[in-house]
Amino acid sequence: MVPDSHKDKRILLAHGSGGRMTQELIEDVFGRAFANPFLDRMDDAASLELDGRIAFTVDSHVVSPIFFPGGDIGRLSLTGTVNDLAMMGARPLFISAGFIIEEGLPFRDLQTIVDSMQQAAAEAGVEVVAGDTKVVERGAADGIFITTSGIGSIPAGVQTSASGARPGDAVIVSGTIGDHGAAILSCRGGMDFSVELTSDCAPLGGLVADMLAASSEIHALRDPTRGGVAATLNEIAAASCVDIEIGEELIPFQSDVRAACELLGLDPLMLANEGKLVAFVAEADSARILAAMRNNPLGADACIIGSVAASGSGRCRVFARTALGSRRILSMPSGEQLPRIC
């Protein structure tokens, strides 16, 4: 919630000077939203206790616009890092956040973004324990950029990797594809859609935990962000040295997303997702894992879309089988369908 004292204020260069105004910004906005025992010490770094294997990742977020249906850059930055940890089978624990803020950004926008980020942190069960703030001149950024890093704990026996897919594995998606990319597209200038498309932006740590509780035979996980499902499948095929075949008619899409893609000539398999995952699991355990996913709200529409085979040619390709039974190569996307998507 934006305090009355912030409603008409804007970010000034002095808020990044390191002086009194910087201290007030940190205390009034970031400290108020992210208050926890680690951050409240205001040390130069968070002192944490961790046991066993950990996952560690970093991601930068430059999405345009910074507010979109279903989320904003704050929620996106938090969930993006949480999901990168979850794809390693890790339990996300701690997040750090760096903010590059353009002079003139309204305080109320910054407060909304930070509150949204904290809400996503609460959903994910993580804490923001360290951060940094810089203010740059007008025109040197586009409102706000956020870089987040994260640490998670990998349970004993969990081993997921992009190189882990095996011949015979089933390929599962956790829900409808392309929702985030379509939502960003719908609110870019000049686009006039009759329906509101909503981003799927959500933290997936809980869903992955449910999957791992159902079976340890989860070999590879990936959240299909930039480049969408097409890029993810090609990355896994190359890293695991396998062929992958999916059925086009098996892939779940929202009808509005499909309609928007047909209107604009876009391939929904190449649109970004921020609350979905692709899993490569032992076929014998696929029904059990699928049932666990469907019991979680973020996996309610999960389904099997294909399978993995040995790469006889050694070229590690992805094939899409059409409804008529023909087969085409699904290539790695080239270029950028939609820049600054995340």
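**Figure 1. The largest nonpolar core of the predicted model.** In this predicted model, the largest nonpolar core has 38 residues, and those with the most contacts inside it are Phe30, Phe34, Leu78, Phe99, Leu110 and Ile144. At least two core residues are supplied by each of the helices α1, α3 (73-86), α4 (107-124) and α5 (179-186), and likewise by each of the strands β4, β5 (127-136) and β6 (144-153). Helix α4 gives the largest share of this core, namely seven residues.

**Figure 2. The tilted aromatic pair of Phe30 and Phe99.** The structure holds two aromatic pairs, one of which is formed by Phe30 and Phe99, with 4.5 Å from centre to centre and 40 degrees between the planes, an arrangement classed as tilted. Phe30 belongs to helix α1 (residues 20-34) and Phe99 to strand β4 (residues 91-102), so that this pair links distant parts of the chain, 69 residues apart. Phe30 counts as buried because its relative accessibility is 6%, and Phe99 likewise counts as buried, at 3% relative accessibility. Both Phe30 and Phe99 are listed among the residues with the most contacts inside the largest nonpolar core.

**Figure 3. The edge-to-face aromatic pair of Phe38 and Phe94.** Phe38 and Phe94 form an aromatic pair in which the ring centres are 5.2 Å apart and the planes meet at 75 degrees, which makes the pair edge-to-face. Because Phe38 lies in helix α2 (residues 37-40) and Phe94 in strand β4, the pair ties together parts that are 56 residues apart in sequence. Phe38 is partly exposed, with a relative accessible area of 21%, whereas Phe94 counts as buried at 12% relative accessibility.

**Figure 4. The charged end of Lys9 over the ring of Phe107.** In this view the charged end of Lys9 sits over the ring of Phe107, at 4.6 Å from the centre of that ring. Residue 107 is also where helix α4 (107-124) begins, and α4 is the helix that gives the largest share of the largest nonpolar core.

**Figure 5. Arg327, its aromatic neighbour Phe319 and its salt-bridge partner Glu245.** The charged end of Arg327 sits over the ring of Phe319, 3.9 Å from the ring centre, and the side chain of Arg327 also meets that of Glu245 in a salt bridge with an N to O distance of 2.6 Å. Since Glu245 lies in strand β9 (residues 242-247) and Arg327 in strand β13, this salt bridge ties together parts that are 82 residues apart in sequence. Glu245 counts as partly exposed, with 22% relative accessibility. Through salt bridges that share partners, Glu245, Glu249, Arg321 and Arg327 are joined into one network.

**Figure 6. The salt bridge between Asp142 and Arg340.** The count for the model comes to 13 salt bridges, and one of them is formed by the side chains of Asp142 and Arg340, at 3.0 Å from N to O. Asp142 lies in the loop between β5 and β6, while Arg340 lies in the segment after β13 (327-329), so the pair ties together parts that are 198 residues apart in sequence. Asp142 is partly exposed, with a relative accessible area of 36%, and Arg340 also counts as partly exposed, at 30% relative accessibility.

**Figure 7. The salt bridge between Glu235 and Arg222.** The side chains of Glu235 and Arg222 meet in a salt bridge with an N to O distance of 2.6 Å. Because Glu235 lies in helix α7 (residues 228-240) and Arg222 in strand β8 (residues 218-222), this salt bridge ties together parts that are 13 residues apart in sequence. At 31% relative accessibility, Glu235 counts as partly exposed, as does Arg222 at 26%.

**Figure 8. A nonpolar surface patch made by Leu50, Ile54 and Phe56.** Leu50, Ile54 and Phe56 make a nonpolar patch of about 290 Å² on the surface. Leu50 is found in the loop between α2 and β1 (54-61), and its relative accessibility of 30% places Leu50 in the partly exposed class.

**Figure 9. Ser255 and Thr176.** Ser255 is found in helix α8 (residues 255-264) and is exposed, with a relative accessible area of 58%. Ser255 and Thr176 are 79 residues apart in sequence, and their C-alpha atoms are 9.8 Å apart in space.

Definitions and conventions:
Residues are numbered from 1 along each chain as its sequence is written. This is a predicted model: local features need pLDDT of at least 70, side-chain atom pairs count only at pLDDT 80 or more; totals for chains, interfaces and linings use all residues. Side-chain values use heavy atoms; hydrogens and water are left out. Rings of Phe, Tyr and Trp (its six-membered ring) pair if their centres lie within 6.5 Å; planes under 30 degrees apart count as stacked, over 60 as edge-to-face and the rest as tilted. Helices (H or I, at least four residues) and strands (E, at least two) are DSSP runs, numbered from the N terminus. Buried means under 20% relative accessible area, exposed over 50%, partly exposed in between (1.4 Å probe, protein chains only). A charge sits over a ring if NZ of Lys or CZ of Arg is within 6 Å of the ring centre and within 35 degrees of the ring normal. Patches are made of residues with over 30% relative accessible area and no salt bridge: like charges are joined within 9 Å, nonpolar side chains (Val, Leu, Ile, Met, Phe, Trp, Tyr) within 5 Å. Accessible areas come from the Shrake-Rupley method with a 1.4 Å probe; for residues, only the protein chains shown count as cover. A salt bridge is a side-chain nitrogen of Lys or Arg within 4 Å of a carboxyl oxygen of Asp or Glu. A nonpolar core is a set of buried Ala, Val, Leu, Ile, Met, Phe, Trp, Tyr and Cys residues joined through side-chain atoms within 4.5 Å.
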